[in-house]
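Here are my comments on the model you sent, set out as numbered points. They begin with how strands are joined and then move to charged side chains and the backbone.

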Amino acid sequence: MVERKNIPMAMGLFAMLVFFIASSSFVHASDEADDAIFYESFDEDFDSRWIVSEKEEYNGVWKHSKSEGHDDFGLLVSEPARKYAIVKELDAPVNLKEGTVVLQFETRLQSGLECGGAYIKYLQPQESGWKPKGFDNESPYSIMFGPDKCGATNKVHFIFRHKNPNTGKYVEHHLKFPPSVPSDKLSHVYTAILNDDNEVRILIDGEEKKKGNFLSSEDFEPSLIPSKTIPDPDDKKPEDWDERAKIPDPEAVKPEDWDEDAPLEIIDEEAEKPEGWLDDEPEEIDDPEATKPEDWDDEEDGLWEAPKIENPKCESAPGCGEWKRPTKRNPAYKGKWSAPYIDNPAYKGIWKPQEIPNPEYFELEKPDFEPIAAIGIEIWTMQDGILFDNVLIAKDDKIAESYRETTWKPKFNIEKEKQKAEEEKAAAELEGIAGYQKKAFDLLYKIADIPFLSGQKDKIIEIIKKGEEQPNLTIGIIASVVIVFLTILFRLLFGGKKPAKVEPKVEKKTNTETSSSQAAGENEDNKEKEETANPPRRRPKRDN
């Protein structure tokens with residue numbers, strides 16, 4: 001009886017333990033959510049939260065669309081060759097001067113990216129001179145981050161704008177040697193971690209690709225801190241300043257025996273014709289083994305000529321044809337004379353303006369970033385299908401990592417597996433095509449060996465070899481060989497000679513008709529003579 005009473009008590013303790021564990025997990029998740037300053041998943045339509053620019057040139061249509069192959073939604077660039085601009089105001093500005101700030105977002109280039117941008121601008125407060133409905137490329141930003149590719153440009157930008165305290169002007173500072181944009185059509189996540197120690201780290205898919213220091217001239221161009229001195233813009237080079245280290249010797253005189261007109265090469269008068277030189281033999285002769293093709297028609301193709309080959313008699317002889325003395329370098333050649341150079345006694349070195357203090361120079365220990373008050377996407381692209389998703393601003397890189405693992409990684413793994421399967425399928429198809437092509441070429445070689453095709457064998461072999469060098473021409477090659485085969489077969493079966501001409505029946509004519517007929521006949525005879533006098537049209541030589 002006592003044991004039964006203890007059961008409810010034990011069940012109660014177990015329920016309390018489960019609730020405590022679940023509560024702990026819930027608190028931990030809430031803590032992570034609290035650390036996310038801003039997060040946009042685009043699970044719901046963006047119309048009520050994001051503002052599309054009303055500027056006339058930004059006529060690209062944004063759409064709330066699923067990522068291909070997923071149920072996950074994103075912000076889609078729906079049309080090619082358009083400008084796009086859209087902005088989301090933050091509830092409160094984000095201070096970039098204190099602690100760590102992480103900027104992260106996903107893009108998927110579903111149609112690839114040949115020319116266009118897929119970056120985000122983190123905008124300054126509107127007091128700096130911009131309005132959401134008037135958002136454009138002139139709207140001032142604090143940081144611009146993300147992929148950009150067109151022509152020679154292929155980089156993941158990281159640019160920050162900083163105000164010079166002396167001049168009041170904003171200067172764009174670009175990260176040197178940024179990473180390249182992934183070239184596939186998979187989902188990728190881009191992360192920029194701004195640390196409190198002036199370090200910035202750029203991650204792609206969670207892997208660090210670039211690291212730099214905001215104060216280093218080796219990492220940003222132009223350098224955040226200007227040089228202490230600059231060349232004096234008002235300084236002028238003196239008129240008598242001589243920058244020539246060497247000058248022609250003014251006392252040098254051209255030697256009397258210096259002949260500037262002597263040629264570089266002269267005929268070698270001492271050369272003798274090699275013994276055995278064949279003066280009467282041409283270098284090339286008609287190929288004695290060549291035969292006139294059976295389908296050659298002198299009336300249509302012109303007079304057939306055998307192709308030329310190298311004269312075999314010349315191979316064993318020093319040479320053939322007319323012998324000419326070779327040339328040799330002229331020992332008397334000196335070229336145009338010029339005075340030798342000597343050290344310039346008036347040389348003062350390369351002139352440079354004197355250095356003066358730089359009025360734009362300043363010193364600081366940390367960048368004086370402007371706060372981020374809004375997130376804007378302002379791009380021009382020739383491709384559609386760019387999908388933005390899971391835009392995040394956080395204070396801890398671990399938070400960004402947890403979002404990557406839960407939102408990006410599962411999609412990427414699915415896409416990667418699909419890509420791998422497609423590549424394996426394509427490789428298998430290629431292998432199958434290669435096997436088919438080999439069988440096809442083997443068959444064509446057998447066709448080339450058929451006796452009645454002997455006159456065209458060399459031509460068929462040449463066509464087949466071209467096909468083997470360029471497999472994409474296989475079908476065309478097969479068609480060409482089949483046409484040749486059928487043409488010759490048709491000639492063999494039905495003959496290739498033209499039907500004999502039928503002479504018209506001659507009737508008796510009157511004298512007048514006879515005279516007219518004779519005059520017409522003379523004209524025809526003259527015409528035939530003129531045609532006979534003209535040389536027949538010759539067909540270009542055929543290579544065997």
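1. Two strands are counted as paired if DSSP finds at least two bridges between them. With that in mind, strand S6 (residues 101-109) is joined to strand S25 by seven bridges, and the two run antiparallel. One register point to check on screen is Gln104, whose bridge partner in S25 is Leu392. The coordinates come from a predicted model, and the comments below should be read in that light.

2. Strand S25 also pairs elsewhere. Strand S1 is joined to S25 by four bridges, again in an antiparallel arrangement, and here Phe38 has Ile393 of S25 as its bridge partner. Strand S4 (residues 73-77) runs antiparallel to S25 as well, with two bridges between them, and Leu76 finds its bridge partner in Leu387 of S25.

3. How many residues of strand S25 are buried? Nine of the nine residues in this strand, which spans 386-394, are buried, so that S25 is mostly covered. As background to reading any such strand, side chains in a regular strand alternate between the two faces of the sheet.

4. Turning to charge pairs, the count for the model comes to 27 salt bridges. One of them joins the side chains of Asp368 and Lys97, with an N to O distance of 2.5 Å. Asp368 sits in the loop between strand S23 (355-357) and strand S24 (372-381), while Lys97 sits in the loop between strand S5 (82-94) and S6, so this pair ties together parts that lie 271 residues apart in sequence. Neither loop residue is classed as buried, because Asp368 counts as partly exposed at 41% relative accessibility and Lys97 counts as partly exposed at 36%.

5. Are the partners in the salt bridge between Glu378 and Lys121 buried or exposed? Their side chains meet at 2.8 Å, N to O, and the pair links distant parts of the chain, with Glu378 in strand S24 and Lys121 in strand S8 (residues 120-123), 257 residues apart. Glu378 is buried, because its relative accessible area is 8% and the cut-off for buried is under 20%. Lys121 is likewise buried, with a relative accessible area of 6%.

6. A further salt bridge is formed by the side chains of Lys176 and Glu221, at 3.8 Å from N to O. Lys176 belongs to the loop between strand S11 (170-175) and strand S12 (187-194), and Glu221 belongs to strand S15 (residues 220-221), so the contact ties together parts that are 45 residues apart in sequence. Lys176 counts as partly exposed at 22% relative accessibility, and Glu221 counts as partly exposed at 46%.

7. Glu221 deserves a second look for its backbone, since the peptide bond leading from Glu221 to Pro222 is cis, with omega near -5 degrees. Pro222 itself is found in the loop between S15 and strand S16 (229-231).

8. Salt bridges also link Asp72, Glu106, Asp389 and Lys411 into a network. Within this group, Glu106 falls in the residue range given for strand S6, and Asp389 falls in the range given for strand S25.

9. Which residues make up the negative surface patch? The patch is formed by Asp43, Glu44, Asp45 and Asp47. Glu44 is placed in the loop between strand S1 (36-40) and strand S2 (51-52), and Glu44 is exposed, because its relative accessible area of 57% passes the cut-off of over 50%.

10. Two residues other than glycine have a positive phi and may be worth inspecting together. Phe42, with phi near 60 degrees, is found in the loop between S1 and S2, and Phe42 is buried, with a relative accessible area of 0%. Phe177 has a positive phi of about 50 degrees although it is not a glycine, and its place is in the loop between S11 and S12. Phe177 is exposed, with a relative accessible area of 68%.

Technical notes: Residues numbered from 1 in each chain as written. Predicted model: local features only at pLDDT ≥ 70, side-chain atom pairs only at ≥ 80, totals over all residues. Heavy atoms only, no water. Patch = residues over 30% accessible without salt bridge, like charges linked within 9 Å, V, L, I, M, F, W, Y side chains within 5 Å. Areas by Shrake-Rupley, 256 points an atom, 1.4 Å probe, with all protein chains shown as cover. Salt bridge = Lys/Arg side-chain N within 4 Å of Asp/Glu carboxyl O. Lys, Arg positive; Asp, Glu negative; His and termini not counted. Charge placed at Lys NZ, Arg CZ, Asp CG, Glu CD. Buried < 20%, exposed > 50% of the residue type's maximum accessible area, 1.4 Å probe, protein only.
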